[in-house]
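Q: I would like a close look at a single part of this structure. Please take the aromatic rings and what lies around them, and go through it step by step.

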Amino acid sequence: MKIRKISCPYCNILMEYTGTYRIQLGGTNTILLHRLPTSIYECPRCGKLEFFRFKKTKRKKDDTVADI
C-alpha cells in the first residue's frame, strides 16, 4: 500500500498515517451493515483527520485493516 504525503491545510505540516480501518456505514442491523475500508491520516499538531477510500490491490503481509 502506498502511504500518501499529505500536508495539513491548517498547520501546513506533514500529516501522519494512522492506519486503515473499516468504518461502519448505516445502522447496527446486520442485514444493512456495510463497512468501508478507509485510510486515515492525522495532523500531529491540530488533530485534523483526512479520510481516503482504501483501494483494493494485492496486499502485503504487513497491510492490515481493522474494524472500528
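A: The answer starts with the chain as a whole and then turns to the rings and their surroundings.

The model is predicted. Its protein chain has a mean pLDDT of 82, and 69% of the residues reach 70 or more. Confidence varies between the elements: strand β3 has the highest mean pLDDT, 94, and strand β4 (residues 65-67) the lowest, 59. Where pLDDT is low, the predicted coordinates should not be read in detail.

The chain contains four strands and zero helices. Along the sequence this gives the pattern β-β-β-β. Of the 68 residues in the chain, 22% are buried. Among contacts with a separation of 6 or more, 46% are between residues 24 or more positions apart.

Now the strands that carry the rings. β1 and β2 are antiparallel and are paired over nine bridges. One of the partnerships between them joins isoleucine 23 to leucine 36 in β2. β2 also runs antiparallel to β3, and five bridges join these two. Here threonine 38 has arginine 53 of β3 as its bridge partner, and glutamate 42 stands opposite leucine 49 in β3. The hairpin of β2 and β3 has six residues between its strands, and glycine 47 in this hairpin has a positive phi near 85°.

Next come the rings. The whole structure holds two aromatic pairs. In one of them, the ring centres of tyrosine 41 and phenylalanine 52 are 5.8 Å apart and the planes stand at 90°; an angle over 60 degrees counts as edge-to-face, so this pair is edge-to-face. Tyrosine 41 lies in strand β2 (residues 34-42) and phenylalanine 52 in strand β3 (residues 49-53), so the pair links parts of the chain that are eleven residues apart. Together with Tyr17, the residues Tyr41 and Phe52 form one aromatic cluster.

The two partners are not equally covered. Tyrosine 41 has a relative accessibility of 1%, and because this is under 20%, the residue counts as buried. Phenylalanine 52 has 22%, which lies between 20% and 50%, so this residue counts as partly exposed.

Phenylalanine 52 has further neighbours. The charged end of arginine 4 sits over the ring of phenylalanine 52, at 4.0 Å from the ring centre. Proline 37, a residue of strand β2, is 15 residues from phenylalanine 52 in sequence, and the C-alpha atoms of the two are 8.7 Å apart. When sequence neighbours within four places are left aside, proline 37 touches Phe52 as well as Tyr21, Arg22, Arg53 and Phe54. Proline 37 has a relative accessible area of 18%, so it is buried under the 20% limit.

On the other side of the pair, Tyr41 leads to the nonpolar core. The largest such core has six residues, and Tyr41 is one of them; the others are Ile6, Cys8, Cys11, Met15 and Cys43. Tyr41 therefore has a place both in the aromatic cluster and in this core, which counts buried residues, and tyrosine 41 is buried.

Cysteine 8, from the same core, can be followed outwards. Apart from neighbours within four places in sequence, cysteine 8 is in contact with Ile13, Met15, Cys43, Cys46 and Lys48. One of these, cysteine 46, is located in the loop between β2 and β3. By the same way of leaving out sequence neighbours, cysteine 46 is in contact with Cys8 and Cys11. Cysteine 46 is partly exposed, because its relative accessibility of 42% falls between 20% and 50%. Its C-alpha atom is 8.0 Å from that of tyrosine 10, although the two residues are 36 apart in sequence.

One residue in the segment before β1 (16-25) deserves a word: asparagine 12. Most residues other than glycine have a negative phi. Asparagine 12 is not a glycine, yet its phi is positive, at about 60°. Asparagine 12 is also exposed, because its relative accessible area of 62% is over 50%.

To put the part back together: the rings of tyrosine 41 and phenylalanine 52 meet edge-to-face, the first belonging to β2 and the second to β3. Arginine 4 sits over the ring of phenylalanine 52, while Tyr41 belongs to the core of six residues.

Methods: Residues are numbered from 1 along each chain as its sequence is written. This is a predicted model: local features need pLDDT of at least 70, side-chain atom pairs count only at pLDDT 80 or more; totals for chains, interfaces and linings use all residues. Side-chain values use heavy atoms; hydrogens and water are left out. Rings of Phe, Tyr and Trp (its six-membered ring) pair if their centres lie within 6.5 Å; planes under 30 degrees apart count as stacked, over 60 as edge-to-face and the rest as tilted. Buried means under 20% relative accessible area, exposed over 50%, partly exposed in between (1.4 Å probe, protein chains only). A charge sits over a ring if NZ of Lys or CZ of Arg is within 6 Å of the ring centre and within 35 degrees of the ring normal. pLDDT is the predictor's confidence in each residue, from 0 to 100. A nonpolar core is a set of buried Ala, Val, Leu, Ile, Met, Phe, Trp, Tyr and Cys residues joined through side-chain atoms within 4.5 Å. Contact means heavy atoms within 4.5 Å. Two strands pair if DSSP finds at least two bridges between them.
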